[in-house]
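Student: I am new to this structure, and I would like to understand the reasoning behind the words used to describe it. Could we go through them one at a time?

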Amino acid sequence: MDVPGYFAERAPLVDAQLDAILPQVSTPPESLHAAMRHLVFPGGKRLRPALAFATAEALGRPPERVLPVAAAVELVHTYSLIHDDLPCMDDDDERRGQPTVHRQFDEATAVLAGDALQALAFEALALPTEAAPSAVLASVRDLAGAIGAAGLVGGQVDDLAFAQDVGGAKDARQQRVESIHRRKSARLIAAAMSCAARFAGGDDRRVDNLCQAGLEMGVAFQIADDWLDRDEDEGCSLVHVLGSDAARERANVLLQSALARVEELGDAAESLRALMRFAVHRTV
Ligand code: GRG
């Protein structure tokens, strides 16, 4: 499967949806709306939307069916990156070769743009759709759970505290790193897949299986990210706890387990499996 081709073909779908729901820059307050769009366009890989589309296809539905999910997860991802770059978090001046939102605008605008993107994500998810109302409601619950205190935000809190927490046995430190990865990265990736499965009409067993696959692959994705950053990253990284080879091996074990979970979906899930392999073996 041609993964770059898949991204190139599917990205315009979510881009058009994002453009349609984001407020226009010419509408006041202009600076807020410009800041909300700053990191969305041209954006990054659109991995989470691609996983949502591929999940729909794996369940025999067209990608358009899960557009609300694709837009919602990308909006949440963007909000988290804007807040992660703030001086009180990672304090980064650049992302994707462009000034971060607080550098391009100011800190207050960046905080507020992130807040507004998070709210817009739920609006995007709940737009009128062909999906059953119960599927939309369950997806709102999945996404909120994935990004709240038990998910993204809680993971970020423990990640910020991690630098000071150097002691303990290797096993316990591995558990701690993986718990942070699961909450900070994997739960949003898993929500992209579970919400897409719900919108595509998947039953509870299928939704849960795809969610578990997303969690395992999401942790492996974050280990791969740590590996790519191995020369700079001092903080919460499995490469630092286990060493480079053992960290890659762990990522591979998690990926294989995730792939085995989606085996039952057969040929229809070929794009999904290819994206999952790409997420863990990528070089960018
Ligand atoms: C501040 C609420 C709050 C959350 C911060 C998401 C996050 C938590 C921090 C961002 C930094 C980080 C290491 C996140 C983990 C996920 C990750 C590797 C993000 C990069 O995802 P890609 O590779 O990025 O999909 P692109 O640029 O392609 O969109």
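**Reasoning from values to words**

Tutor: Arginine 46 is placed in the loop between H2 and H3, and since this is a predicted model, each value we discuss is computed from predicted coordinates.

Student: Why is arginine 46 called buried or exposed, whichever it is?

Tutor: Its relative accessibility is 4%, and buried means under 20%, so arginine 46 counts as buried. Arginine 46 also has a positive phi of about 60°, although it is not a glycine.

Student: What makes arginine 96 buried, exposed or partly exposed?

Tutor: Arginine 96, in the loop between strand E1 (94-95) and strand E2 (98-99), has a relative accessible area of 36%; buried needs a value under 20% and exposed a value over 50%, so arginine 96 is partly exposed. Its phi is positive too, at about 50°, although arginine 96 is not a glycine.

Student: How do you know how many disulfides there are?

Tutor: A disulfide is a covalent bond between the sulfur atoms of two cysteines. The rule asks for a pair of cysteine sulfur atoms within 2.5 Å, and by this rule the count comes to zero. Cysteine 88 is in no disulfide, for the nearest cysteine sulfur, that of cysteine 236, is 18 Å away, which is too far for a bond.

Student: What makes cysteine 88 buried or exposed, and what makes cysteine 236 buried or exposed?

Tutor: Cysteine 88 has 55% relative accessibility, and the limit for exposed is over 50%, so cysteine 88 counts as exposed. Cysteine 236 has a relative accessible area of 7%, which lies under 20%, and therefore cysteine 236 is buried.

Student: Why is the protein chain called as compact as a globular protein of its length?

Tutor: The chain has 13 helices and two strands. Its radius of gyration is 18 Å, close to the 19 Å that the globule rule gives for 284 residues, and so the chain is as compact as a globular protein of that length. Of those 284 residues, 51% count as buried, and the C-alpha trace spans about 50 × 50 × 35 Å along its principal axes.

Student: Which peptide bonds leading into prolines are cis?

Tutor: The bond from proline 28 to proline 29 is cis, with omega near -5°, and proline 29 is found in the loop between helix H1 (3-21) and helix H2 (30-38). The bond from phenylalanine 41 to proline 42 is cis as well, with omega near 0°, and proline 42 lies in the loop between H2 and helix H3 (47-58).

Notes
Residues are numbered from 1 along each chain as its sequence is written. This is a predicted model: local features need pLDDT of at least 70, side-chain atom pairs count only at pLDDT 80 or more; totals for chains, interfaces and linings use all residues. Side-chain values use heavy atoms; hydrogens and water are left out. Helices (H or I, at least four residues) and strands (E, at least two) are DSSP runs, numbered from the N terminus. The radius of gyration is taken over C-alpha atoms; the globule rule is 2.2 Å times the number of residues to the power 0.38. Buried means under 20% relative accessible area, exposed over 50%, partly exposed in between (1.4 Å probe, protein chains only).
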